[in-house]
Amino acid sequence: MAAFAYLDHNATSPLRPAAFESMVEVLRAGGNPSSVHAAGRKARAAVETARRRVAALVGALPVEIVFTSGGTEANNLALSGAGRRRVLVSAVEHDSVLRAVPGAEIVGVDGNGVVDLAGLERALAASGAEPALVSVMLANNETGVLQPIADVVRLARAAGALVHCDAVQAAGKVPVDVHGLGVDYLSLSAHKLGGPTGVGALVVRDGAPFATDRRGGGQESNRRAGTENVAGIAGFGAAAQEAAGCAPDLAGRLAGWRDRIELSLVQIAPRARVFGVDAGRVGNTSCLSMPGVPAETQVMAFDLAGVYIGAGAACSSGKVQRSAVLAAMGVPAEEAATAIRISLGWNTEPADIERLIAAWRDLYIRVAQSDISRAEAA
Ligand code: PLP
């Protein structure tokens, strides 16, 4: 049995061996893709192979892929690069969308975290001569809830608006087809699907407006200046190729395990609540509360049991803040403070699931016992 169960794939998914191998090969070879000599041409070939693989993962044309330093930069680029002053974003977007441009208008969500389409339609109707950019994610990072992107696109198009979709937590977990979705911009991040951290891509639909204020060389067809992160991009390409190959199978398997986890955890702790359970969700993610036990306590207890999970929103400071996603869904602050996130991925095994369930049972028994002793002492 492995030393630990890593169930925090939405924070970052372990590097796939194929990604590692391709990165090492590129690092050994060196070369700048803009150089015309053989070493440069080899680096260029690595970038273009990866471009084709990433494009294939989401049904894009290779020319539509702009490599970036990750999902954050892709989101920032889309929201500023579309050139629309009016920007509408859903309330459950990642901070890299919510904070990308000043003055973005927030569209609410329902109790399951699904965007309020009527609210979006009303906001769009107010656009008038100032058509907007709408940004709605495909899958939420905390709950896994899927958004009705086809409906968002239909409403946006009727109002002359452009659409950006943050697919960082969806790609590799559910089939994604950028043209089928009909969006203008789509963000991806390598490390959420088994590639390295610090690399991602923005898909810019052929013909969609795009302007960058980044000055420098003409890399990425003048859309993202700076010498390419060749090794990172190669790793991204290898991970994307593998993810594309196994996405449908993996999704089904993970959803089965996710359901087993939720059933078992709620059986053990009947007051536990699964968030977004009545909406369509990616199969790998479960966000649930254990009332009375702060998320940090749970994360630490799981950690000691060799089970790595997340608390609500993972945050850069290592401190757990109140989840804006759960707040937007109307979850009371006290309950949201007990929410944990379990996220499965490409290397999850049945033993990991059993370990998680056993750790939850142990924790629940300890909590119940301390509740009884407290009641007896009172
Ligand atoms: N969008 C979503 C939905 C995410 O979950 C994340 C990361 O957690 C990002 C964007 C940012 O991606 P990156 O870490 O590559 O900057």
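## Exercises around strands β7 and β8

Strands β7 and β8 run antiparallel and are joined by five bridges; two strands count as paired if DSSP finds at least two bridges between them. Strands here are DSSP runs (E, at least two residues), numbered from the N terminus. This is a predicted model, where local features need pLDDT of at least 70, side-chain atom pairs count only at pLDDT 80 or more, and totals for chains, interfaces and linings use all residues. Residues are numbered from 1 along each chain as its sequence is written, and side-chain values use heavy atoms, with hydrogens and water left out.

**Exercise 1.** Work out the setting of S187: is S187 buried or exposed?

*Solution.*
- Start with the strand: S187 lies in β7, residues 185–189.
- Next, take the relative accessible area, which is 0%, so S187 is buried (under 20% relative accessible area, 1.4 Å probe, protein chains only).
- Finally, look at the side chain: S187 and H164 share a polar contact of 2.8 Å (a pair of N or O atoms within 3.5 Å, one able to donate a hydrogen and the other to accept it; residues adjacent in sequence count only if both atoms are side-chain atoms).

**Exercise 2.** Find the partners of β8: which residue stands opposite V66, and which is the bridge partner of L188?

*Solution.*
- Strand β2 (residues 65–68) runs antiparallel to β8, with four bridges, and V66 stands opposite L202.
- On β7, L188 has A201 of β8 as its bridge partner.

**Exercise 3.** Explain why β8 is largely enclosed.

*Solution.*
- Five of the five residues in β8 (residues 200–204) are buried, so the rest of the structure largely encloses the strand.
- Side chains in a regular strand alternate between the two faces of the sheet.
- In β8, G200, L202 and V204 are buried on one side, and A201 and V203 on the other.

Key
Buried means under 20% relative accessible area, exposed over 50%, partly exposed in between (1.4 Å probe, protein chains only).
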